[in-house]
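Colleague: I have a model open and some questions about it. Can we go through the backbone and the ligand site together?

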Amino acid sequence: MRLSLRFIVPLTLALGVIAYAVAPLVDDFTLKWFVRDLDIRTKLISATLQEPLADAMTADLSPQVRQQRIETVFGRIIQDERLFAIGFCDAGGKYAYRTVTLPRNIACRPPGSPAEDAGRVHHLAGGSLHVGTHPVVFEGTRMGELVIVHDMSFVERRSADTKKYIVYLFAGIGAVIALITVVIAELSWRGWVAGMKALIRGQLLAQSPEPRAKELRPLARDLEELVRDLETERRMRDESQMTWVPETLRTILRDDLKGDEILIVSNREPYIHVHQGGRVEVLRPASGLVTALEPVMRACSGTWIAHGAGDADREVVDANDHVQVPPESPAYQIRRVWLSKEEEAGYYYGFANEGLWPLCHIAHTRPVFRAADWEHYRTVNRRFAETVVAESRTPNPIVLVQDYHFALLPRMIRERLPQATIITFWHIPWPNPEAFGVCPWRAELLEGMLGSSILGFHTQFHCNNFFDTVDRYLEARVDRETFTISYGGEPTEVHRYPISIEWPLQGLAAQPSVPDCRKAIREQLGLPPDAKLGVGVDRLDYTKGILERFAAIERFLELEPAWVGKLSFVQIAAPSRSSIDEYQSLDARVRATAQRINDRFGAPACPPIILKIEHHDAGRVYTYYRAADFCFVSSLHDGMNLVAKEFVAAREDERGVLLLSQFAGAARELPEALIINPYDTEQCAAAVGEALTMPPDEQRARMRSMRGLLQEFNVYRWAGRMLLDAARMRNRRRLAAGSRLQLAATGGRRA
Ligand code: GDG
């Protein structure tokens, strides 16, 4: 509005001024026009007076009567409002008769002047007069001439009026032109602004059916590319500059994902209801996954879909199988999916854990593939897909699919919710094509996973293996430069997202000091106060290399018998998948090996191996980390391994040594650990010796470096990077949808 006024007023004034400048020209023109008019009038009056005047002049009358008669005629004629005066000049050039109104200074023309005289304008003090002179001729004799004077004040009045009208007219035209211009400009400006804004938001045509403003088309593509580049750059820069805390995830959800709907699918639920001591208790499984994703869920009030495995789970859900969590301050909901015992046996224990788990881990345990398990796996994946569809309130939710239990789920969801952004994270390694190729349903699994928008692994090595596998078994377009695989429909981006732990570890706040932890654990284990202690913390799983670890301790004591009675290695092994034969067998072998080694080096005060096959609460696990002189992670193959990271995080004293398998993803990020090959018993034994004798300064230097990395790359960053990539992808797809519609609107031509 202000802009409009700023335009209309000056334009109106400018045209007014122009009109004012033009007015004298108009004056001049109208004056000439009126003078010509008065000339004609004068001629007419003169012609009318010829006869009565000649009659009066020639009649036999006394001079007084003649004068009276002529002046009466003159007096009658000047009744006309414009006729001011009339006079008659005799042949001697003197007034013979005249009206009293005739001004003294309008004299007769000298004798001998030309017969015709164009009208003259006399400017007097009171105004202008038009004076016309015409001869009076009787029977061929020139008797004198008539002087006819017109009052020209009406001309001035009219001229002034005309001037006024012209100024008004110009000002009016100016105002109208300005107004029209402003309206047009305003409308197209708004169109531009809206177009540009939409373009920048990337929602130009995706949300509006109106075609992109024609004049924007040439700009659109360049602008889109620019926005994309800037956005990627900003993300890259911002990601490293952000402080990664739960609040950061909330900010991403609010600012980058604009509050979009989020669903998580995992086999294990974040809260389990169980019967304990006659009551229903809520357990929170210690898991990095829950730590990372719970802030996301809390922030967006999303839905976490998981298998309801607790024996009291059904008792606490509502009619729609929902339960609000966390119990103390509900912020999001779990949607529980029920499985029969057969389904659980086939899908979870069978196909996932006897088939895919050993298939993906190169740990020399044969995978077992049963057709019946595969059927259950498919059925359960289908049920979870239906649950995702039923739970989603929007057609394009972000679905975070967790792990190898749901390889088929992404495509099943994609078929029902084509606009969903599906991020699948594979927590375990991805093997080479030969190893994966033994699976009878390899193509179906790959096709299922490629329903994802983004597929994440812990390391680039696993990503590369996946590219190779798809290349080998599917007719897909694999682009290793852009990290995308196109297999019908939308492409899948494959990226590395190394998982991590929270920083600082919440549980540490309640921990005693490191010396107190050392003392307490040695007392509880019945060890001498100065005993050296190594620790291992794992699910009791054959991929973790527990037996290889024991072999290393045994070999070390063999080589360095002086340490017998001075070193104990405590292994915490949480029972896992105990219904599977392979795990039962491992349990037996682990127990037997520990027993054999202890028997061999029998030193009652300080046994070489202390085996704790039971679940410990998280606080107790941290106390062990803090009490130990070294932590031994000897996985035969591991996606990441969070134990290694937890040990480092627990050591605020910057002491302790980490022995880390080169086959764990964590080894890529923590090269300051003593990197070992668990198959090389000699090397592992030497590493144990090195850990026990490493000078404090070296321990500190290595710890400091590893702690710095974990602080920077914590679990919130893991989740945040996936969410940022999802936001970037959604934005890009909106832009692409805009471009496609634009292309359609322009008949396929690039504007
Ligand atoms: C898979 C991938 C990847 C162990 N015993 C007890 C206990 N734990 C906790 C540890 C740690 C977690 O379990 C084990 O995590 P890992 O990462 O070491 O291994 P997986 O369970 O095999 O997990 C793995 C991970 O997914 C994440 O993506 O790193 O590579 O195999 O947090 O502390 N916790 C408690 N009591 C125990 O007895 N409370």
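Colleague: Where does R577 lie, and is it buried or exposed?

Modeller: This is a predicted model. R577 sits in the loop that runs between β19 and α16 (581-600). Its relative accessible area is 10%. The cut-off for buried is under 20%, so R577 is buried.

Colleague: What is the phi of R577?

Modeller: Most residues other than glycine have a negative phi. R577 is a residue other than glycine, yet its phi is positive. The value is near 45 degrees.

Colleague: Which loop holds S301, and what is its phi?

Modeller: S301 lies between α6 and β9 (303-307). At 47% relative accessibility, S301 is partly exposed. Its phi is positive, although S301 is not a glycine. That phi is near 50 degrees.

Colleague: Which peptide bond is cis at P326?

Modeller: Most peptide bonds are trans. P326 is in the loop between β10 (322-325) and β11 (332-337). Omega is near -15 degrees for the cis bond there, which runs from V325 to P326.

Colleague: What is omega for the bond from W503 to P504?

Modeller: P504 is placed in the loop between β17 (492-496) and α14 (514-525). The bond from W503 to P504 is cis. Its omega is near -5 degrees.

Colleague: Why do the buried residues of α5 line one face of the helix?

Modeller: Helix α5 spans residues 246-256, and its buried residues are T248, L249, I252, L253 and D256. Viewed down the axis of α5, the buried residues line one face because they fall within an arc of 140 degrees. An α-helix has 3.6 residues a turn, so residues three or four places apart point the same way. The arc to remember for α5 is 140 degrees.

Colleague: Which residue with a positive phi follows α5?

Modeller: The phi in question is near 50 degrees. The residue that follows α5 with this value is K258.

Colleague: Now the ligand. How far is its oxygen atom from an N or O atom in the side chain of D638?

Modeller: D638 is one of the residues that come nearest to the ligand, along with H427, H616, L642 and E646. The contact pairs an oxygen atom of the ligand with an N or O atom of the D638 side chain. The distance is 2.6 Å.

Colleague: How much of the ligand's accessible area does the protein cover?

Modeller: On its own, the ligand has 720 Å² of accessible area. The protein covers 89%.

Colleague: Which elements give two or more residues to the shell around the ligand?

Modeller: Domain 2 (264-496) and domain 3 (512-712) each supply at least three residues to the shell. By type, the shell has 12 nonpolar, 6 polar and 7 charged residues. The elements asked for are β18 (532-539), β19 (567-574), α17 (618-627) and α18 (642-650).

Colleague: What separates the C-alpha atoms of S287 and A618?

Modeller: S287 lies in the loop between β8 (279-283) and α6 (288-300). With a relative accessible area of 24%, S287 is partly exposed. S287 and A618 are 331 residues apart along the chain. Their C-alpha atoms are separated by 9.6 Å.

Colleague: Which helix holds N464, and what separates its C-alpha atom from that of R480?

Modeller: N464 is in helix α13 (residues 460-473). Its relative accessible area is 32%, which makes N464 partly exposed. R480 is 16 residues from N464 along the chain. The C-alpha separation is 8.5 Å.

Note on methods: Residues numbered from 1 in each chain as written. Predicted model: local features only at pLDDT ≥ 70, side-chain atom pairs only at ≥ 80, totals over all residues. Heavy atoms only, no water. Buried < 20%, exposed > 50% of the residue type's maximum accessible area, 1.4 Å probe, protein only. Helix = DSSP H or I, 4+ residues; strand = E, 2+ residues; numbered from the N terminus. Arc of directions from axis to C-beta. Near = heavy atom within 4 Å. Polar contact = N/O pair within 3.5 Å; in protein donor to acceptor, adjacent residues only side chain to side chain. Areas by Shrake-Rupley, 256 points an atom, 1.4 Å probe, with all protein chains shown as cover. Nonpolar A, V, L, I, M, F, W, Y, C, P; charged D, E, K, R; others polar. Domains from an automatic or database assignment.
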